[in-house]
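Please walk through this structure with me, one set of side chains at a time. Keep the 3D view open as you read.

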Amino acid sequence: MPLETTRLLNIGLRFTTLGTRFLFIFVLAKYLDPASVGYYGIFTATVGYCLYFVGLDFYTYLTREILTKPLNQRGQLIKAQAALSGILYLFFLPIALTFLAYVDWPDSLVLWFFPLLLLEHFNQEVSRLLIALSEQLTASMILFVRQGSWAIASAALMKFEPETRNLNLVMALWTAAGVCAGMIGLFKFKRLGMDGWKKRVDWRWIRKGVAVSSMFLIATLALRGVQTLDRYWLEALNGIDMVAAYVLLLGVASTLLVFLDAGVFAFTYPSLITHHNDRNYEAANRKVRKMLVQTLSVSAVFAAVSWFSLPWLLDWIGNPVYIEAIDLYPWLLVAMIFNAVSMVPHYGLYARGCDKPIIYSHIASLIAFVAFTWTISQMAPEIAIPLGINLAFFVILTWKSLAYIQIRKHDTSTAFY
């Protein structure tokens, strides 16, 4: 299939998923009480955060390694990642059980936590590998099944069957979709013709990968910490209903990144890695410049469309909890634009193996977020979290941009200190 056709189909699938997820949070806000929407937001953020403990961000190492190996060795690498994840689950489960014993979630949510964590982890890793292997279309199909299909089914049932308007239905459909997505991923891997599955697990290679990815893990936990702590902190400052409004508005703003990932980033970073391996730095720089222009253009269009559409969508929900919180949206939108633009130098640095600026910027963002939010919350608790995440993403954008500008002056280097 021609590349442009694949790109259009990929964008179409991602856009469908994007639109579905964009509208789904509004459906939840219309048919569920604000507390349920708030707990849904906290639950999804917690599952997303825990994925890094069971995955260890090992994909950041595997992605670069697998592209340098022939087909008959790739299965061994994936098998090694699976073995590592099995060990991580053994360590993580007791910690997670202790955490779940103390959270004030509804009991039904606690029961859904582990099945959904396992399915989301498996499908996420499969999708990442498929993207790295330039199988973006299949990855987008899996994404639609695991994120879009069950949202459509949930929305339809809630509209026509009032007794289904609860979080249990959402979690059950989410789980079923996760199983289907996993089956698609396994089928695709079988057809890729990779070999090496019967080779022994290379624990030395795993240890090397853990040493590399653990630094990325620290950075990712710091970044995701901002995007998980914000919900818990907001609940403590303003209550669960405010979390519901925050989750709704942030969900709208965050769709920008989903669209950029589908139409820009997923097609760019594998080639950036290839250019780096070939030491073709000028070609990589042209890719980064093009990616910046595309990111800024999409961000501008998204900002205009979402801002003018949001009041109409909130009126459709009809709940004053969300309508009264609309003033938060500009802050959240700007934060997501900072985040989106920062991904341009991020991929430029990642492709060249320049990991330290990425790691340091994420750690600095968490420190800035906690310090700034703590200070502002004493005076203006209702706006402290939105201001805090703006500062966090601005720190990341500035740090990565300066690092990438600097490394362009040292194109013969493979690491940046």
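Over the face of which residue does K30 lie? The residue is W316. K30 is placed at 5.0 Å from the centre of that ring. Keep in mind that this is a predicted model. A second charge over a ring involves K159. Its charged end sits over F160, 5.7 Å from the ring centre.

Now turn to the rings themselves. The count of aromatic pairs comes to 17. Take F24 and W150 as an example. Their ring centres are 5.3 Å apart and their planes stand at 80 degrees, so the pair is edge-to-face. An angle over 60 degrees is what earns that label. The pair links distant parts of the chain. F24 is in helix α1, which covers residues 3–31, and W150 is in helix α6. In sequence, 126 residues separate them. Are these two residues buried or exposed? F24 is buried, with a relative accessible area of 2%. W150 is buried too, at 3% relative accessibility.

Another aromatic pair joins W233 and F369. This pair is edge-to-face as well, with 90 degrees between the planes and 5.8 Å from centre to centre. W233 belongs to helix α8 and F369 to helix α13, so the pair ties together parts that are 136 residues apart in sequence. W233 counts as buried at 14% relative accessibility. F369 is buried with a relative accessible area of 0%.

Ring pairs can also chain together. Here they link F24, Y40, F43, F99, W105, F113, F114, W150 and W174 into a cluster. The F24 and W150 rings described above are among its members.

Next come the charged side chains. How many salt bridges are there? The count comes to 4. One of them joins R146 and E120, at 2.8 Å from N to O. R146 lies in helix α6, residues 136–160, and E120 lies in helix α5, residues 107–132, so this salt bridge ties together parts 26 residues apart in sequence. Both ends are covered. R146 is buried at a relative accessible area of 6%. E120 is buried at 8%. Buried here means under 20% relative accessible area.

A further salt bridge stays inside one helix. E125 and R128 meet at 3.4 Å, N to O. Why are they about one helical turn apart? Because they are 3 residues apart in helix α5. E125 is buried, with 9% relative accessible area. R128 counts as buried at 15% relative accessibility.

R231 and D230 form a salt bridge as well, at 3.3 Å from N to O. Both of these residues are buried.

D230 leads on to I389. What distance separates I389 and D230 in space? Their C-alpha atoms are 8.1 Å apart, although 159 residues separate the two in sequence. I389 is found in helix α14, residues 381–407. I389 is buried, with a relative accessible area of 2%. Which residues does I389 contact, leaving aside its neighbours within four places in sequence? They are V226, D230, Y246, L332, A335 and F369. Two of these names have come up already. D230 is a partner in a salt bridge with R231, and F369 pairs with the ring of W233.

Last, look at the outside. Which residues make the nonpolar surface patch? They are M215, I218, Y360, I363, I367 and W399. The patch spans about 550 Å². The elements that give two or more residues to this patch are α8, residues 203–238, and α13, residues 355–377. Helix α13 gives the most, with 3 residues. Y360 lies in helix α13. Is Y360 buried, exposed or partly exposed? Y360 is partly exposed, with a relative accessible area of 42%.

Helices α8 and α13 therefore appear twice in this walk. They give residues to the surface patch, and W233 of α8 pairs with F369 of α13, so the two rings tie together distant parts of the sequence.

Technical notes:
Residues numbered from 1 in each chain as written. Predicted model: local features only at pLDDT ≥ 70, side-chain atom pairs only at ≥ 80, totals over all residues. Heavy atoms only, no water. Helix = DSSP H or I, 4+ residues; strand = E, 2+ residues; numbered from the N terminus. Buried < 20%, exposed > 50% of the residue type's maximum accessible area, 1.4 Å probe, protein only. Patch = residues over 30% accessible without salt bridge, like charges linked within 9 Å, V, L, I, M, F, W, Y side chains within 5 Å. Areas by Shrake-Rupley, 256 points an atom, 1.4 Å probe, with all protein chains shown as cover. Phe/Tyr/Trp six-rings, centres within 6.5 Å; stacked < 30°, edge-to-face > 60°. Lys NZ or Arg CZ within 6 Å of the ring centre and 35° of its normal. Contact = heavy atoms within 4.5 Å.
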